[in-house]
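Q: Got a minute to go through this one with me? I'd like a quick tour before I head back to the bench.

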Amino acid sequence: MKNQLLKLAFEVEIEEGEQLNLPSSIVQGIGKGKWVITIQPKTLVSDRLHS
């Protein structure tokens, strides 16, 4: 059986004047094949407080 990465997610925060710089672990993890790359803003609703 061949192992295959199905989903990889990273959360980044970009400050004023900064540009997106993908971590090398993402770039190195992308190889031959078809890929869907999605970039979307993080919503505050998705943050859950566990108190």
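**Surface and layout**

A: Sure. Keep in mind that this is a predicted model. The accessible surface of the protein comes to about 6,000 Å², and 54% of that belongs to carbon and sulfur atoms.

Q: How many helices and strands does the protein have?
A: There is 1 helix and there are 0 strands. Helix 1 covers 24-29.

Q: And what share of the residues counts as buried?
A: Just 2% of the 51 residues.

Q: OK, what about nonpolar stuff on the surface? Which residues make the nonpolar patch?
A: The patch is made by Leu8, Phe10, Val12, Ile14, Leu20, Leu22, Val27, Ile30, Trp35, Ile37 and Ile39. Its area is about 1,100 Å².

Q: Let's pick one of those. Where does Phe10 lie?
A: Phe10 is in the segment before helix 1.

Q: Why does phenylalanine 10 count as partly exposed?
A: Because its relative accessibility is 43%, and partly exposed runs between the 20% and 50% cut-offs.

Q: What does Phe10 touch, leaving aside neighbours within four places in sequence?
A: Phe10 is in contact with Pro23, Ser25 and Ile26. For Ile26, the C-alpha to C-alpha distance from Phe10 is 8.6 Å, with their positions 16 residues apart in sequence.

Q: Next door, then. Is alanine 9 buried or exposed?
A: Alanine 9 is exposed, because its relative accessibility is 67% and exposed means over 50%. Alanine 9 also sits in the segment before helix 1.

Q: How far is the C-alpha of alanine 9 from that of threonine 38?
A: The two C-alpha atoms are separated by 9.7 Å. Along the chain, alanine 9 and threonine 38 are 29 residues apart.

Q: Switching to charge: which residues form the negative patch?
A: That surface patch is formed by Glu13, Glu15, Glu16 and Glu18.

Q: Take Glu18. Where is Glu18 along the chain, and what is its relative accessible area?
A: Glu18 lies in the segment before helix 1. Its relative accessible area is 45%, so Glu18 is partly exposed.

Methods:
Residues are numbered from 1 along each chain as its sequence is written. This is a predicted model: local features need pLDDT of at least 70, side-chain atom pairs count only at pLDDT 80 or more; totals for chains, interfaces and linings use all residues. Side-chain values use heavy atoms; hydrogens and water are left out. Patches are made of residues with over 30% relative accessible area and no salt bridge: like charges are joined within 9 Å, nonpolar side chains (Val, Leu, Ile, Met, Phe, Trp, Tyr) within 5 Å. Accessible areas come from the Shrake-Rupley method with a 1.4 Å probe; for residues, only the protein chains shown count as cover. A salt bridge is a side-chain nitrogen of Lys or Arg within 4 Å of a carboxyl oxygen of Asp or Glu. Helices (H or I, at least four residues) and strands (E, at least two) are DSSP runs, numbered from the N terminus. Buried means under 20% relative accessible area, exposed over 50%, partly exposed in between (1.4 Å probe, protein chains only). Lys and Arg count as positive and Asp and Glu as negative; His and the chain ends are not counted. The place of a charge is taken as NZ of Lys, CZ of Arg, CG of Asp or CD of Glu. Contact means heavy atoms within 4.5 Å.
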